[in-house]
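Here is my note on this structure, in numbered points. Please keep the model open while you read.

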Amino acid sequence: MKCWIIDRKADLKTEPAPLKRVDLPVPEPGSGELLLKVKACGVCHTEIDEIEGRTPPPVYPVIPGHQVIGLVEQHKGTRKDIRIGDRVGVAWIYHACGKCAYCRKGQENLCPDFVATGRDIHGGYAEFMVVAEDFVYKIPDIFTDSEAAPLLCAGAIGLRSLRLCHLKNGNSLGLTGFGASAHLVLKLVQYQYPETAIYVFARSRTERDFALQYGCAWAGDTKERPPVKLDCIIDTTPVWTTVVEALACRKPGGRLVINASRKEDEDKDYLLNLDYPKHLWMEKEIKSVANVTRNDVEEFIRLASEMPFTPEVEEYAFEMANQAIMDIKNRSIRGAKVLVMEK
Ligand SMILES: [Zn+2]
Ligand SMILES: [Zn+2]
């Protein structure tokens, strides 16, 4: 089968085509597993963190991709509600133990044995992939393959970030960065908290225009100040400047939730601008969001189909995977990026 692999650490500044296109045997599903014929796979910023070594695959090579839409080709499990030919999704959570203290209280995203799709095990930048039957999601017919893919990570992690904000209807919400996840959060907030005004900070003009078009109250550059202080801010950028600047925009008791699996080191010096009375005093909180649970994924798919809301998607032919990665890195194209097998 054709697939893309990460086979070593690479710096995108000097290597704009870090993924290697290879052919590998079609994997064999074991007991309790499904073989999927992949239709589409979302491209996520986490792939860049894997390639550049901030969250490296434990073993090379690995097939990346954790927002997979596929058709069940072989079924070696016992689930009766899933049949050959059904369309299902696979998300970042490939496996959690189900027995540890975190798993037992619904926090399988924090499981010490968490296995991440497309990093710890082969993912969906391929014609076929194998997955455990308990870690797939049914996809409602209203979404096309490429519309459904971003729901699985950008949407699910967006929902998790929003929950960690403890937002109430009418609270003010900031979003730093306006990529795939933030645009899904914006739609979700408009649906669940209609009186909440959203303020978007983005360095890229494309992202600011995109946010305004989606109905945010205000959009400015990273260091601009919105007209009001904010109750909560969700940061979806890979850098530190935005974090420090966002900290200064909060009300007393305000929260900042960092939705980024890793931060880049390039502007880390900016943290020296951290000023305790200005940025943290008055019970201001900072929290990160890690991984997703199956419940997050299911819940976001349900909400997106109920709204209903279809994500804005940029499709790339399968052979264009490296281009899609670079477009995320450069933040030059709006919306969610998705590889499609037939285009
Ligand atoms: Zn992702
Ligand atoms: Zn566990």
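1. A word on terms first. A residue is buried if its relative accessible area is under 20%, and exposed if that area is over 50%. Keep in mind that this is a predicted model.

2. Start with helix α6, residues 205-213. Its buried residues are E207, R208, F210 and A211. Viewed down the axis of α6, these buried residues fall within an arc of 160°, so they line one face of the helix. Turn to the face directed away from that buried side. There you find the exposed residues R205 and Q213.

3. What do the buried residues of α6 pack against? Their partners are α5 (180-192), β11 (198-201) and β12 (218-220).

4. Now look at the ends of α6. S204 caps the N-terminal end. A side-chain oxygen of S204 lies 3.3 Å from the backbone nitrogen of T206. After the helix comes G215, with a positive phi near 95°.

5. Helix α5 deserves a check of its length. It has 13 residues, and at 1.5 Å a residue they should span 18 Å. The C-alpha atoms at its ends are 19 Å apart, which agrees. Many names appear on the buried list of α5: S181, A182, H183, L184, V185, L186, L188 and V189.

6. Next, the zinc ion (ligand 1). Its protein donors are C44 (SG), H66 (NE2) and C153 (SG), which lie 2.0 to 2.2 Å from the ion. Along the sequence, these donor residues are spaced C-x21-H-x86-C. The pair H66 and C153 links distant parts of the chain, 87 residues apart. H66 sits in the loop between α1 (45-51) and β4 (68-75). C153 sits in the loop between α3 (145-148) and α4 (154-165).

7. Are H66 and C153 buried or exposed? H66 counts as buried because its relative accessibility is 0%. C153 has a relative accessible area of 9%, so C153 is buried too.

8. Last, the zinc ion (ligand 2). C97, C100, C103 and C111 coordinate this ion, each through SG, at 2.3 to 2.4 Å. Their spacing along the chain is C-x2-C-x2-C-x7-C. Why is the arrangement called tetrahedral? The four donor atoms subtend angles of 106 to 116° around the ion, which makes it so. The cut-off here is that all angles lie between 85 and 135 degrees. Among these donor residues, C100 and C103 are buried.

Methods:
Residues are numbered from 1 along each chain as its sequence is written. Chains are lettered from A and ligands numbered from 1 in the order in which they are written. This is a predicted model: local features need pLDDT of at least 70, side-chain atom pairs count only at pLDDT 80 or more; totals for chains, interfaces and linings use all residues. Side-chain values use heavy atoms; hydrogens and water are left out. Donors are N, O and S atoms within 2.8 Å of the metal (3.2 Å for Na, K and Ca); water is not among the atoms, so sites may look incomplete. Helices (H or I, at least four residues) and strands (E, at least two) are DSSP runs, numbered from the N terminus. Buried means under 20% relative accessible area, exposed over 50%, partly exposed in between (1.4 Å probe, protein chains only). The arc is that of the directions from the helix axis to the C-beta atoms. Contact means heavy atoms within 4.5 Å. A polar contact is a pair of N or O atoms within 3.5 Å; within protein, one must be able to donate a hydrogen and the other to accept it, and residues adjacent in sequence count only if both atoms are side-chain atoms. Four donors count as tetrahedral if all angles lie between 85 and 135 degrees; four count as square planar and six as octahedral if opposite donors are over 155 degrees apart and all others between 65 and 115; anything else is irregular. The expected span of a helix is 1.5 Å times one less than its number of residues.
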